[in-house]
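Work through the exercises below with the model open. Try each task before reading its solution.

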Amino acid sequence: MNLHSVAQGKLIDITEVNDEVFSQKMIGNGFAVIPNDEAIYSPIEGTVTSIFPTKHAIGLKTKENIEILLHIGIDTVELKGEPFDIFVKEGDTISPSTLLAKVDLSLLNEYNKSTDIITIITSENYANLVVNSFGPTNASESIGYVELN
């Protein structure tokens with residue numbers, strides 16, 4: 001199962017995210033992008049399973065039934081959806097070219113919130129996550145894969 005970058009920016013290992021819940025993989029393994037553009041795309045082919053009322057997180061599921069959580073920023077739930085525009089709805093079929101959301105990065109900076117866009121595999125029914133390399137990335141670019149059981 002292929003994984004794609006969710007935004008243009010810098011791809012980092014999840015252990016580098018400045019939040020212990022994510023960096024210590026308490027929710028699951030994954031990766032993050034520090035964006036330099038407001039557009040956020042799907043990391044997978046699959047469907048939208050949930051959109052949090054505060055628009056800071058989107059649940060996704062692959063065709064292989066791997067569940068993914070896309071979390072926009074850190075401690076952004078407090079902003080009650082203000083910096084986010086969502087362009088999908090629950091049940092939508094998505095691909096790496098699907099624009100999921102836009103985030104007002106300047107507003108996150110105003111509120112002193114980290115802009116990291118974190119992609120977390122919340123399922124346990126997979127064998128391994130492989131990210132090819134970290135550093136500069138473009139939105140929708142293939143960045144690795146998930147080995148299935």
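**Exercise 1.** Which residues does Leu-3 touch, not counting residues up to four places away in sequence?

*Solution.* This is a predicted model. Start with a cut-off: contact means heavy atoms within 4.5 Å. Next, skip residues up to four places away in sequence from Leu-3. What remains is Phe-31, Pro-43, Ile-44, Leu-129, Glu-141, Ser-142, Ile-143, Gly-144, Tyr-145 and Val-146.

**Exercise 2.** Place Leu-3 in the largest nonpolar core, then list the elements that contribute to this core.

*Solution.* The largest nonpolar core holds 32 residues. Leu-3 is among those with the most contacts inside it, along with Ile-40, Leu-60 and Leu-100. Now the elements. Those giving two or more residues are strands S3 (29–35), S6 (57–62), S7 (67–72), S10 (99–103), S11 (117–121), S12 (126–131) and S14 (142–148), plus helix H2 (105–110). Another core, of 10 residues, lies apart from this one. Its members include Ile-12, Val-17, Ile-74 and Ile-118.

**Exercise 3.** Trace the pairing of strand S2 on S3 and S13.

*Solution.* Take S3 to begin. S2 (residues 9–13) pairs with S3 over 5 bridges, in the antiparallel sense. Gly-9 stands opposite Pro-35. Ile-12 has Ala-32 as its bridge partner. Then turn to S13 (residues 135–137). It joins S2 through 3 bridges, again antiparallel. Here Leu-11 partners Gly-135.

**Exercise 4.** In what order do the 8 strands of the open sheet run, and which are the edge strands?

*Solution.* Read the order: S9-S5-S6-S7-S11-S3-S2-S13, with antiparallel pairing. The edges are S9 (93–94) and S13, as each pairs on one side only.

How values were computed:
Residues are numbered from 1 along each chain as its sequence is written. This is a predicted model: local features need pLDDT of at least 70, side-chain atom pairs count only at pLDDT 80 or more; totals for chains, interfaces and linings use all residues. Side-chain values use heavy atoms; hydrogens and water are left out. A nonpolar core is a set of buried Ala, Val, Leu, Ile, Met, Phe, Trp, Tyr and Cys residues joined through side-chain atoms within 4.5 Å. Buried means under 20% relative accessible area, exposed over 50%, partly exposed in between (1.4 Å probe, protein chains only). Helices (H or I, at least four residues) and strands (E, at least two) are DSSP runs, numbered from the N terminus. Two strands pair if DSSP finds at least two bridges between them.
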